[in-house]
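Q: Please take a close look at one part of this protein, the place where its domains meet, and set that part in its structural surroundings. A connected account would be preferred to a list.

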Amino acid sequence: MPSWVIDRYGRNDVLRFTRDMVFPTIDFPNEVIIKVHAASLNPIDLSMRSGYGATALNMKRDPLKLKSAETEFPLTLGRDVSGVVMECGLSVSYFKPGDEVWAAIPPWKQGTLSEFVVANGNEVSFKPKCLSHVEAASLPYVGLTAWSAVNQVGGLNQNNCSGKRVLILGASGGVGTFAVQLVKAWGAHVTAVCSHDASKLMKKLGADDVIDYKSGNLEEQLKSLPLFDFILDNVGGSTEKWALDLLKKWSGATYVTLVTPFLINMDKLGVADGMLQTGVTVGSKTVKHLFKGVHYRWAFFMPSGPSLDEIAELVDSGKIQPVIDQVFSFSEVPKAFLKLEGGHARGKTVIDVISKK
């Protein structure tokens with residue numbers, strides 16, 4: 001089947017189009033095969049193309065080391081899919097061939113820049129009825145990443161979010177645009193940090209305050225505002241040094257970052273030492289900030305069909321809309337990677353897989 005694959009890690013020239021990729025098979029009774037109508041790119045695709053996280057992902061692909069080295073190639077990138085179920089495993093009762101579905105495929109599995117992809121039935125959900133496949137493909141990975149950070153790690157939901165002050169750093173990317181809409185739908189007061197040219201988009205998505213990180217000292221600008229109940233950090237780096245001072249102390253306020261050294265540590269130190277180093281880092285930071293009266297947390301993407309069901313309800317009720325920066329045809333995948341690499345995206349880069357352009 002047609003696919004975009006890589007045979008080694010590197011820059012954009014490692015991407016290769018092939019018509020001979022092996023057709024996916026159902027190996028477990030709870031799997032489904034999806035015909036991909038649209039996919040989208042996320043920063044993790046750039047990272048994986050360069051080999052970031054390979055140690056941890058290969059351990060997940062082959063935990064017992066039953067295969068010879070470098071079994072991951074040829075590797076198909078792409079995490080998001082919106083498409084149609086073609087075939088179901090014997091224990092799949094929730095879906096049937098012909099159903100329109102969407103999913104985010106975990107990074108240790110073959111990806112979605114392909115004609116077909118196999119997914120675990122628990123990772124799949126019915127596509128929102130109000131969206132086209134191209135629109136729907138922009139949401140699963142960023143939606144589930146934001147959902148994991150805000151709801152599962154941060155503890156916010158529609159019952160406790162009303163009136164809370166939420167700060168989102170890096171608000172104009174894929175996860176940020178989703179998170180702004182999510183906490184706004186739950187009634188929070190949202191402060192979004194982005195560059196000036198994204199401020200109109202942020203207002204449209206419901207942000208109450210928009211701060212331009214280029215117009216003077218960001219830390220000083222944020223310190224002049226009332227304290228926050230929750231911070232989502234999509235940026236990392238130096239922001240972590242001062243962002244926690246913006247939280248209300250001793251009130252259950254929480255800082256959640258999506259920028260963690262987990263995969264880097266495993267790449268550098270190996271699996272065991274990498275996990276140990278990671279545990280020490282997050283443990284010491286959590287305790288240090290707990291003594292200051294705030295919660296410090298890490299969040300990661302988690303594949304989940306049930307969470308996508310909840311997201312689909314929010315989309316169909318008009319509370320969350322896809323934010324698409326640019327759509328590319330299947331033949332333009334390398335161009336789409338270059339666009340993503342250029343940074344400063346306003347939402348998502350989507351691949352229309354079945355258009356014949």
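A: In this predicted model, the domain assignment divides the protein chain into domain 1, made of residues 3-139 together with 322-352, and domain 2, made of residues 154-298. The contact between them draws on 14 residues from domain 1 and 19 residues from domain 2. Between the C-alpha centres of domain 1 and domain 2 the distance is 27 Å.

The area buried between domain 1 and domain 2 comes to about 1,200 Å². Carbon and sulfur atoms contribute 65% of that area.

The polar side of the interface can be described next. Between domain 1 and domain 2, 7 residue pairs are in polar contact, counted with both residues at pLDDT 80 or more. On the side of domain 1 that touches domain 2, helix 2 (residues 54-61) supplies the largest share, with 4 residues. By residue class, that side of domain 1 consists of 7 nonpolar, 5 polar and 2 charged residues. The rule for salt bridges finds 1 across the interface of domain 1 and domain 2. Arg-346 is in a salt bridge with Asp-197, and their closest N and O atoms are 2.9 Å apart.

Helix 2 also serves as a landmark for what follows in the chain. The loop between helix 2 and strand 4 contains Pro-74. The peptide bond that joins Phe-73 and Pro-74 is cis, with omega at about -10 degrees.

Strand 4 in turn belongs to an open sheet of 3 strands, arranged in the order 2-1-4 with antiparallel pairing. Strand 2 (15-18) and strand 4 (75-76) are the edge strands, and each has a single partner strand, so one side of each has no neighbour in the sheet. Strand 1 (residues 3-6) runs antiparallel to strand 2 and is joined to strand 2 by 4 bridges. In this pairing, Trp-4 stands opposite Phe-17 of strand 2.

One further backbone feature deserves mention. Trp-250 is located in the loop between helix 8 (239-243) and strand 13 (254-257). The phi angle of Trp-250 is near 55 degrees, which is a positive value in a residue other than glycine.

To return to the interface, its description rests on the buried area of about 1,200 Å², the 7 residue pairs in polar contact and the salt bridge of Arg-346 with Asp-197.

Terms used. Residues numbered from 1 in each chain as written. Predicted model: local features only at pLDDT ≥ 70, side-chain atom pairs only at ≥ 80, totals over all residues. Heavy atoms only, no water. Domains from an automatic or database assignment. Contact = heavy atoms within 4.5 Å. Buried area = accessible area lost by both parts, 1.4 Å probe. Salt bridge = Lys/Arg side-chain N within 4 Å of Asp/Glu carboxyl O. Polar contact = N/O pair within 3.5 Å; in protein donor to acceptor, adjacent residues only side chain to side chain. Helix = DSSP H or I, 4+ residues; strand = E, 2+ residues; numbered from the N terminus. Nonpolar A, V, L, I, M, F, W, Y, C, P; charged D, E, K, R; others polar. Pairing = 2+ DSSP bridges.
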